[in-house]
Amino acid sequence: MYEKDGESYYIVDGHVHIWDGRASNHKNVHGKEFIDCFYDYHRNLSPEDVIWDYDTYTYYGAERFMKDLFAEGYVDHAIFQATLLSDFYHNGFGQTEEAFGLARQHPERLTYNHAYDPRNGEAGLEQLRRDAERFNLKGVKLYTAEWHGDSRGYKLDEPWSRRYLEECLELGITNVHVHKGPTIKPLDRDAFDVADIDKVATDYLDLNFIVEHVGLPRLEDFCWIATQESNVYGGLAVAMPFIHARPRYFAQIIGELLYWIGEDRILFGSDYALWTPKWLVEKFVDFQIPEDMPEYPAITPEQKKKILGLNAASLYGLDVPRQFRLPAASGAGV
């Protein structure tokens with residue numbers, strides 16, 4: 001947890017990874033393109049004193065992960081979001097066994113969300129059923145722009161995708177995290193478009209759709225969809241580091257989100273190890289809307305507490321210690 005100016009914040013980092021972007025894991029040139037693009041985001045949007053060297057960035061492992069999140073990063077609970085990219089990496093980009101192994105060792109601190117690809121058809125459905133049982137899945141992470149043979153993406157409202165969403169309902173997987181954000185080379189920008197969220201959110205009201213990266217650079221499209229779909233949430237991964245690199249742009253992002261979807265449907269995420277949570281948490285607690293942007297009201301400590309952890313805790317049924325709960329929720333889990 002984090003404390004500042006008499007306020008205590010329960011922190012849920014809703015978007016973390018352990019990845020292997022080393023050359024030995026590259027299946028082709030696209031593996032290098034992808035990790036290089038990640039590293040460019042890292043060094044261009046981070047404070048200079050927290051920029052990693054390239055070799056460490058490509059693979060950092062479980063020990064560094066635990067230190068950066070829990071020993072130094074104020075995080076109380078974190079949620080792994082799997083990224084497979086099997087067309088680019090021999091053993092996948094996200095390291096499933098290492099991440100799940102940590103989650104099993106530290107269930108009070110870690111939740112593991114796996115991934116699926118509806119282009120795998122019936123065999124993929126069977127795999128999803130096995131994965132749901134093995135990983136005790138409460139959520140999944142989808143990458144609609146991922147390459148799959150000759151296919152360079154899919155839409156959530158396609159027939160096979162709907163089959164998988166229906167299977168999620170049957171399996172009790174209620175949180176569907178979808179990467180709808182900036183392009184990462186070599187993936188295609190339009191494959192991350194947010195329009196398909198509108199259709200499936202309307203049709204599957206018992207699923208929560210967490211739009212990771214809040215649709216950037218399509219923030220306006222996302223907001224117009226999410227304001228009328230009560231089961232659509234915004235994940236702040238990738239948006240968060242602009243609090244340092246372009247604070248006025250961040251003020252616009254968070255101001256628009258608070259206006260359109262409100263404080264109860266915004267989730268903090270560092271996207272570790274794109275960025276580390278320590279400086280993001282510190283800067284967000286200290287952040288305030290500039291006075292010369294009067295269209296956006298000031299952000300309150302209560303709103304920050306919801307965004308930094310209480311909202312995600314509610315989605316995942318985490319038992320938040322009583323001292324971190326807001327007064328209105330004192331009798332509930334959050």
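Strand 4 (77-81) and helix 4 (96-105) each contribute at least two residues to the lining of the second largest cavity, helices (H or I, at least four residues) and strands (E, at least two) being DSSP runs numbered from the N terminus. The model is predicted, with local features requiring pLDDT of at least 70 and side-chain atom pairs counted only at pLDDT 80 or more, while totals for chains, interfaces and linings use all residues. Residues are numbered from 1 along each chain as its sequence is written, and side-chain values use heavy atoms, without hydrogens and water.

A cavity is a set of points on a 1 Å grid over the protein atoms alone where a 1.4 Å probe fits but cannot get out, and its lining residues have an atom within 4 Å of a point. The volume of the second largest cavity, taken as the space filled by probe spheres set on points joined across faces, edges and corners, is about 60 Å³. Its lining includes His17, Phe80, Gln95 and Tyr112.

The largest cavity holds about 130 Å³ of space. Of its 17 lining residues, Phe38, His179, Ile184, Asp271 and Leu274 are the closest to its centre. Helix 1 (residues 29-45) gives the most to this lining, with three residues.

In the largest nonpolar core (buried Ala, Val, Leu, Ile, Met, Phe, Trp, Tyr and Cys residues joined through side-chain atoms within 4.5 Å; buried, under 20% relative accessible area with a 1.4 Å probe, protein chains only), Phe65, Ile254 and Leu257 touch the most other members among 106 residues. A second, separate core of 15 residues includes Leu267, Leu318, Phe324 and Leu326.

How values were computed. 1 Å grid on protein atoms, 1.4 Å probe; cavity = no way out; pocket = protein on both sides within 12 Å on 5 of 7 lines; lining within 4 Å. Buried < 20%, exposed > 50% of the residue type's maximum accessible area, 1.4 Å probe, protein only.
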